[in-house]
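Work through the exercises below with the model in view. Try each task before you read its solution.

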Amino acid sequence: MKNILIKWLVMTAAILTAAYTLDGINVSSFSAAVLAAAGLGVLNAVLRPVLLLVTLPINILSLGLFTFVINALMLKLVAMIVPGFDVVGFWPAVFGALTISIVSWLLNLVLREVAPIRPVRPQQPGPSNRHDGRSDVIDLDKKDGDRWE
């Protein structure tokens, strides 16, 4: 739950950065940016994978550049849904999506938690899954006269 809230705030900061730096993207208030971040998160989770799958041939032919168009479309859809968040034009949507992606990537890189190091427990030999009664464990202490099975 904490991770979702952090990502939501990172996306909000990225949207506010895009609105501050680019002409054509306007945010009327912080709450509009928070709602836009939530809307963008939901659309990216639900609709974006479907659009990427449908446009896969175009995306392959364009060497992945069509993904920018899909990201711009997601931003325009959020602007249609969220009051107080406006994206005027196609190119501001493309550059806004690019700015939001870069800022969120940078903020996530800075805020990333380092996974705690867990001690590795040695594996204990367990019951064999073999049906012939032989063990899966190789005995390396065999003497010269012993036969390997």
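Helices are DSSP runs of H or I with at least four residues, strands are runs of E with at least two, and both are numbered from the N terminus. The model is predicted.

**Exercise 1. The fold**

Task: Find how many helices and strands the chain has, and in which pattern they follow along the sequence.

Solution:
- Count the elements. The chain has five helices and two strands.
- Now read along the sequence. The pattern is α-β-α-α-α-β-α.
- Add the burial. The chain has 149 residues, and 25% of them count as buried.

**Exercise 2. A loop residue**

Task: Place Leu-63 in the chain, describe its phi, and decide whether Leu-63 is buried or exposed.

Solution:
- Start with the position. Leu-63 sits in the loop between α3 and α4 (66–81).
- Check the backbone. Leu-63 is not a glycine, yet its phi is positive, at about 60°.
- Apply the cut-off. Exposed means over 50% relative accessible area. Leu-63 reaches 79% relative accessibility, so Leu-63 counts as exposed.

**Exercise 3. A residue in α3**

Task: Find which helix holds Leu-56, classify its accessibility, and give the separation of its C-alpha atom from that of Phe-66.

Solution:
- Locate the residue. Leu-56 belongs to helix α3, which covers residues 56–61.
- Apply the cut-offs. Partly exposed lies between 20% and 50%. Leu-56 has 41% relative accessibility, so Leu-56 counts as partly exposed.
- Take the separation. Leu-56 and Phe-66 are ten residues apart along the chain, and 9.1 Å lies between their C-alpha atoms.

**Exercise 4. The nonpolar patch**

Task: Name residues of the nonpolar patch on the surface, find which element gives the most to the patch, and classify Phe-95.

Solution:
- List some members. Among them are Leu-65, Phe-68, Trp-91, Phe-95 and Ile-102.
- Take the area. Together the patch residues have about 1000 Å² of accessible area.
- Assign the patch to elements. α5 gives the most, with eight residues.
- Zoom in on one member. Phe-95 lies in helix α5. Its relative accessibility is 44%, so Phe-95 counts as partly exposed.

**Exercise 5. The largest pocket**

Task: Give the space in the largest pocket, and find which helices each supply at least two residues of its lining.

Solution:
- Begin with the space. The largest pocket holds about 330 Å³.
- Look at the centre. Of the 14 lining residues, Lys-7, Trp-8, Met-11, Gly-41 and Asn-108 are the closest to the centre.
- Trace the helices. α1 (2–21), α2 (30–54) and α5 (90–111) each supply at least two lining residues.
- Sort by class. The lining has eight nonpolar, five polar and one charged residues.

How values were computed:
Residues are numbered from 1 along each chain as its sequence is written. This is a predicted model: local features need pLDDT of at least 70, side-chain atom pairs count only at pLDDT 80 or more; totals for chains, interfaces and linings use all residues. Side-chain values use heavy atoms; hydrogens and water are left out. On a 1 Å grid over the protein atoms alone, a cavity is a set of points where a 1.4 Å probe fits but cannot get out, and a pocket is an open set with protein on both sides within 12 Å along at least five of seven lines; lining residues have an atom within 4 Å of a point. Grid points are joined across faces, edges and corners, and a volume is the space filled by probe spheres set on the points. Ala, Val, Leu, Ile, Met, Phe, Trp, Tyr, Cys and Pro count as nonpolar, Asp, Glu, Lys and Arg as charged, and the others, Gly among them, as polar. Patches are made of residues with over 30% relative accessible area and no salt bridge: like charges are joined within 9 Å, nonpolar side chains (Val, Leu, Ile, Met, Phe, Trp, Tyr) within 5 Å. Accessible areas come from the Shrake-Rupley method with a 1.4 Å probe; for residues, only the protein chains shown count as cover. A salt bridge is a side-chain nitrogen of Lys or Arg within 4 Å of a carboxyl oxygen of Asp or Glu. Buried means under 20% relative accessible area, exposed over 50%, partly exposed in between (1.4 Å probe, protein chains only).
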